[in-house]
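Reader: Good morning. I am new to this structure and would like to go through it with you. May I begin once it is on the screen?

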Amino acid sequence: MDNENIYEFGEIRKDDIIIAFMGPTGAGKSYFIDLLTGQKGRRAGDTLRSVTSEIQAIRVRHPQYDDRIVLVDTPGFDDTFRTDMEILGMISDWLGKTLSISLMDVRLSGLIYLHRITDNRMAGSPLKNLRMFGKLCGDTAAFRVILVSTMWEKVKQEVGEARQKQLEGMFWKDLIEKGSNVDRLERSDTGEAWRIVEKMIVMDQEREKVLLQEEIVDLKLHLNETEAGKTLYTSLQKLLADQKETLKSLLAQVDKSNDQRLKKELQKEYKKIQDQFQKTFDEVDRLKIPLSRRIMVLLFGKRSRAKAINVAADVRN
């Protein structure tokens, strides 16, 4: 593929083959799309910082499918520039507005979830992203998912195989049981990237809405009432509690210290965490569901067909 085969996204069409790329920052979403468009490393390079702060969609021409293929690049839930709440809102808007215009009720052809095989353990950001993915994808759309491990060229084969086995047997197990497929980007080249995408296109049978799209569009739920929103609320509450403890600890150190230089550094760190605390508090507050609204949804709200997938629920972060 070259520049002549890349188009502005333009208007959505009913027969578009829309494939969204998700996963944590640094997993290779932008790089994967660069490979598909023949622009290897043009946007992504080798950085682990987020290069996608907005949802980006491009239309690509394919010898067999003409210009029907739309590739959607999404930021991870650990974005360099935006909060998790902002990211969830952006994905919600994309699913609720872009894919539901003009009564066409367009559905994703599939989702490619990326994970870097170079990670020696699944914790923190990668685990959070995977759990959020399970909540917004849902079980009825899980068969439209390919779980792809990346960066195989940067690890020894036996190390990668052992990590892949752990992913499939523990962290990806719930998604695999609901029908998700597993693959790996063995080499960083255009042919290998298209092999995975074409595998998804061949699987393009009856499409299903992802859970978040069903909740926002069909059930008219507010973002904080969705499964992903409620999960984010819980994780933010935990973060808030952790930040409070850190603030208390720092304050005690500042009070005890007689070293003015150290005291100044501690006060600077205290101010930084205090700002983070306020930001987290504001996001938690925004995600609270008023009691009256909870009662209305409980009594009169419809139930989604899809159910959230509790990915790695038994694994401690």
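Reader: Which element gives the largest share of the lining of the largest cavity?

Author: Helix H4 does, with four residues. Please keep in mind that this is a predicted model. H4 spans residues 157-171, and strand E5 (110-116) likewise supplies at least two residues of that lining.

Reader: Which residues line the largest cavity?

Author: The lining consists of His-115, Arg-116, Ile-117, Asp-119, Asn-120, Arg-121, Met-122, Arg-163, Gln-166, Leu-167 and Phe-171. By class, four of these residues are nonpolar, three are polar and four are charged.

Reader: What is the volume of the largest cavity?

Author: Its volume is about 80 Å³.

Reader: And how many cavities of 30 Å³ or more are there?

Author: There are three. The second largest has a volume of about 70 Å³.

Reader: How does the lining of the second largest cavity divide by class, then?

Author: Seven of its residues are nonpolar, four are polar and none is charged. Among them are Met-22, Pro-75, Phe-77, Ile-91, Tyr-113 and Phe-133. Helix H3 contributes the most to this lining, namely three residues.

Reader: Let us turn to pockets. How much space lies in the largest pocket?

Author: The largest pocket holds about 820 Å³ of space. It is lined by 30 residues, and those closest to its centre are Asp-84, Lys-128, Leu-232, Ser-235 and Leu-236.

Reader: Which helix gives the most to that lining?

Author: Helix H8 does, with nine residues. H3 (124-137), H8 and H9 each supply at least two residues of the pocket lining.

Reader: What about the classes of residue in the lining of the largest pocket?

Author: Eight are nonpolar, 11 are polar and 11 are charged.

Reader: You mentioned H8 and H9. At what angle do they pack?

Author: H8 (residues 227-256) and H9 (residues 260-287) pack at an angle of about 155°, and their axes lie 9 Å apart. Angles over 145 degrees count as roughly antiparallel, and the two helices are therefore roughly antiparallel to each other.

Reader: Is the crossing of H8 and H9 left-handed or right-handed?

Author: H8 passes H9 in a left-handed crossing. Their contact comprises 16 nonpolar, nine polar and four charged residues.

Reader: Thank you. Where, in short, does H8 appear in what we have discussed?

Author: H8 packs against H9, and H8 also gives nine residues to the lining of the largest pocket.

Notes
Residues numbered from 1 in each chain as written. Predicted model: local features only at pLDDT ≥ 70, side-chain atom pairs only at ≥ 80, totals over all residues. Heavy atoms only, no water. Axes fitted to C-alpha atoms, helices over the stretch in contact; angles between N-to-C directions. Parallel < 35°, antiparallel > 145°, perpendicular 65-115°, else oblique. Left-handed = near helix turned anticlockwise from the far one by under 90°. Nonpolar A, V, L, I, M, F, W, Y, C, P; charged D, E, K, R; others polar. 1 Å grid on protein atoms, 1.4 Å probe; cavity = no way out; pocket = protein on both sides within 12 Å on 5 of 7 lines; lining within 4 Å. Points joined across faces, edges and corners; volume = space filled by probe spheres on them.
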